[in-house]
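Me: I've got a new structure to look at and could use a hand. Mind if I throw some quick questions at you?

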Protein chains: 2
Amino acid sequence: MIIIGEKINGAIPSTAKAIAAKDAEFIKNLAKIQTEAGVDYIDVCASVDDDIELETMKWLIDLVQEVTDTPIAVDSPNVYTCIEAMKYCNKPGLFNSVSLEGDKVDAAFKVIADTKWECVALLNSDKGIPKTAKDRLDVFADLMAKVNEYGIDPSRMHIDPLVEMLCTSEDGIAMVVEVIKSIKEQYPTIHVTGAVSNISFNLPARKMVNMGFTVLAMNAGLDSAILDPTNGDLMGIIFATEALLGEDDYCMEYIGAYREGIFGQKK
Amino acid sequence: MIIIGEKINGAIPSTAKAIAAKDAEFIKNLAKIQTEAGVDYIDVCASVDDDIELETMKWLIDLVQEVTDTPIAVDSPNVYTCIEAMKYCNKPGLFNSVSLEGDKVDAAFKVIADTKWECVALLNSDKGIPKTAKDRLDVFADLMAKVNEYGIDPSRMHIDPLVEMLCTSEDGIAMVVEVIKSIKEQYPTIHVTGAVSNISFNLPARKMVNMGFTVLAMNAGLDSAILDPTNGDLMGIIFATEALLGEDDYCMEYIGAYREGIFGQKK
């Protein structure tokens with residue numbers, strides 16, 4: 001499982017406060033604890049006003065790179081902010097994100113095509129978020145046409161099928177499971193990602209729904225996720241699910257992660 | 001999900017102590033708390049020496065029936081003990097269990113055929129526990145021949161595919177998932193059950209593996225389980241999984257169970 005640590009995001013109140021106060025130690029600590037939890041990328045999202053977004057991204061990226069070599073996921077709704085932020089990164093990371101809205105894909109793919117950057121792509125377009133599995137897979141087909149046009153290997157793409165709230169659903173996650181399965185069947189080396197906690201908005205005991213969803217989505221093909229890697233229960237169920245799905249012979253990875261304190265009782 | 005409460009079992013040290021001390025209040029409390037957690041059956045297993053097994057079963061069953069109307073699962077490795085224990089029950093319950101070992105099936109089915117008792121059947125035979133999915137499904141076919149011979153409706157059967165330890169596995173739960181799916185495809189109204197905590201023997205943070213397994217097994221068709229219904233995390237993930245699998249429109253059951261305190265923070 002590819003883990004994208006979500007904690008350096010101005011949408012999280014404590015992180016927003018640290019950004020506003022220029023609290024460098026707070027940010028560096030977020031980078032450290034996520035690295036210790038074994039993340040593959042550290043997401044950096046400023047969530048501040050447009051006029052200071054880029055300088056804030058630079059400040060955050062510099063702080064992260066002071067304390068860790070873990071690659072960075074540059075994260076902004078503005079694809080041009082991501083393109084500029086890439087330049088501050090010491091090594092290739094994750095471009096988060098593109099979609100078929102406007103010129104996002106062309107602007108981003110032109111820049112990352114001949115690099116080792118990976119890229120998150122959301123399955124929405126100028127028409128919004130498609131309602132049916134077929135419509136979402138049509139958007140995916142259009143997206144992959146662009147991926148091929150720019151010569152990007154599918155293994156560098158992380159497709160986010162866009163998980164919606166369970167509480168307004170009549171048929172659970174059947175649609176998103178169908179989308180995930182179809183994507184992985186068409187492109188076995190592609191990654192499928194998602195913000196797993198979106199599923200539980202407006203429900204009590206959200207952790208239960210997040211954990212159940214993670215297991216079912218991994219079973220369908222999800223192999224990348226943006227989440228809080230210091231959440232031991234979520235990390236534990238991810239390692240357990242990999243073992244249950246036959247991707248961890250004799251549970252060696254599971255037992256190793258437990259011994260490192262990534263989940264279970266803290267030592 | 002059909003929940004069989006496992007707490008009145010002499011194999012659990014605290015329950016064994018209460019049985020030895022004839023602590024009626026302890027047993028009655030186990031019946032009460034499991035009823036409050038919404039179980040469908042209360043399992044009663046003495047786990048004592050043969051010469052006192054039946055009298056102990058009677059004592060336990062009488063105590064349970066003093067405090068609740070929840071049906072009882074009579075549980076013994078000795079099919080004749082179960083047959084005798086049935087007579088102490090005020091209403092039809094669950095016969096736990098038969099298998100194709102010796103004359104177990106014939107002895108039990110003769111007694112329950114024309115009743116409303118349901119029955120747990122394990123997929124082992126005189127040859128032991130089959131190693132492959134095909135061999136297990138062959139045992140299942142032999143079992144169903146007996147079920148049909150005695151005119152028992154498949155909906156009264158709870159098939160236990162026999163979950164083994166994950167920690168000695170190279171390919172996770174693929175085999176058991178295949179067995180569960182095939183059973184449900186062949187007999188859509190049959191129940192598939194299991195002791196979900198068996199999966200995590202010898203692993204740390206067993207809860208993670210038990211939860212992950214429960215989700216994946218439910219996805220394959222498990223719709224009955226023997227477990228500790230006072231384990232809020234396990235109950236929570238079961239309700240969450242039903243909603244995720246589209247069996248709980250708008251999460252009404254999930255939210256209701258949360259409000260009743262079956263999972264989440266205790267009120």
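Me: How many residue pairs are in polar contact between domain 1 of chain A and domain 3 of chain A?
Reply: One residue pair, with both residues at pLDDT 80 or more. A polar contact here is a pair of N or O atoms within 3.5 Å; within protein, one must be able to donate a hydrogen and the other to accept it, and residues adjacent in sequence count only if both atoms are side-chain atoms. This is a predicted model, where local features need pLDDT of at least 70, side-chain atom pairs count only at pLDDT 80 or more, and totals for chains, interfaces and linings use all residues. Residues are numbered from 1 along each chain, and side-chain values use heavy atoms, without hydrogens and water.

Me: Where do the domains of chain A run?
Reply: Domain 1 covers 1-91, domain 2 covers 95-228 and domain 3 covers 231-267, with bounds from an automatic or database domain assignment.

Me: Back to domains 1 and 3 of chain A: what area is buried between them?
Reply: About 350 Å², and carbon and sulfur atoms give 70% of that. Buried area is the accessible area (1.4 Å probe) that two parts lose on being put together, summed over both.

Me: Which three residues supply most on the domain 1 side?
Reply: A:Met1, A:Ile3 and A:Ala37, which supply 89% of the area domain 1 of chain A buries against domain 3 of chain A.

Me: New topic: how does chain B lie on chain A?
Reply: A turn of 180 degrees and a shift of 0.0 Å along the axis lays chain B on chain A with an RMSD of 0.0 Å, superposed by least squares on the C-alpha atoms of residues with pLDDT of at least 70 in both. The two copies are therefore related as by a two-fold rotation axis.

Methods. Chains lettered and ligands numbered in written order.
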